[in-house]
Amino acid sequence: MASVKVGDTVRIKKREADPMEIESSTFFPHYGGLEGEVTRLFDNGEVAIRINRDLLPEGISKMHKHIEGRIKTKFMDSLSEEGRKRLTPEEKAINLSFQVLVKVDDVEGAKSTPKAAAKPADNPEHRKTAEELDAAEAEYLENRKK
């Protein structure tokens with residue numbers, strides 16, 4: 001594909017990896033056919049693609065959801081009971097994006113990925129770090145004492 005830009009919907013071409021790509025881990029044939037949105041272009045001819053989670057193969061999707069669950073559990077366990085109660089459902093949600101990096105020559109235009117089907121997690125807003133959450137919690141508790 002000669003010209004791609006951020007925001008384009010693309011599909012990773014299905015092909016076998018050559019020996020150099022296998023050795024350097026620069027192309028994975030099992031990503032062939034995955035569709036998503038271009039999130040970043042690099043000067044070296046590579047492109048970052050946020051894969052549409054609804055189109056992930058069953059095995060990859062299952063593993064991705066498992067990892068999300070473990071991260072959510074770890075996050076929730078790191079909070080006090082009071083801190084957990086104050087979180088909104090949006091703050092409790094852990095929605096990891098699935099991104100891959102491929103050469104721009106390994107992508108082609110895709111029309112079948114509906115933008116309306118994209119989940120809100122595909123456009124993440126700033127998520128507070130654990131340190132920011134701790135600081136906000138400490139500030140909130142300090143204000144309650146007053």
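Hi everyone! Let me begin with some vocabulary: a residue is called buried when its relative accessible area is under 20%, exposed when that value is over 50%, and partly exposed in between. With that in hand, Glu 37 counts as partly exposed, because its relative accessible area is 27%. Please keep in mind that we are looking at a predicted model.

Now, who is the partner of Glu 37? Its side chain meets that of Arg 50 in a salt bridge, at 4.0 Å from N to O. This pair links distant parts of the chain, with Arg 50 in strand β3 and Glu 37 in strand β2, 13 residues apart. Arg 50 has a relative accessibility of 13%, so we call Arg 50 buried.

Why do such pairs form? Side chains of opposite charge can pair when their charged atoms come close. In total, the structure holds ten salt bridges.

Another one joins Glu 35 and Arg 11, at 2.9 Å from N to O. Glu 35 sits in strand β2 and Arg 11 in strand β1, so this salt bridge ties together parts that are 24 residues apart in sequence. Glu 35 is buried at 6%, while Arg 11 is partly exposed at 23%.

Next, look at Arg 15 and Glu 21, whose closest N and O atoms are 2.6 Å apart in a salt bridge. Arg 15 is partly exposed at 27%, and Glu 21 is buried at 4%. These two belong to a network of salt bridges that also links Lys 103 and Asp 106.

Finally, a change of scene: Met 63, Ile 67 and Ile 71 form a nonpolar surface patch, together offering about 260 Å² of accessible area. You can find Met 63 in helix α2, which covers residues 58–77. Thanks for listening!

How values were computed: Residues are numbered from 1 along each chain as its sequence is written. This is a predicted model: local features need pLDDT of at least 70, side-chain atom pairs count only at pLDDT 80 or more; totals for chains, interfaces and linings use all residues. Side-chain values use heavy atoms; hydrogens and water are left out. Patches are made of residues with over 30% relative accessible area and no salt bridge: like charges are joined within 9 Å, nonpolar side chains (Val, Leu, Ile, Met, Phe, Trp, Tyr) within 5 Å. Accessible areas come from the Shrake-Rupley method with a 1.4 Å probe; for residues, only the protein chains shown count as cover. Helices (H or I, at least four residues) and strands (E, at least two) are DSSP runs, numbered from the N terminus. Buried means under 20% relative accessible area, exposed over 50%, partly exposed in between (1.4 Å probe, protein chains only).
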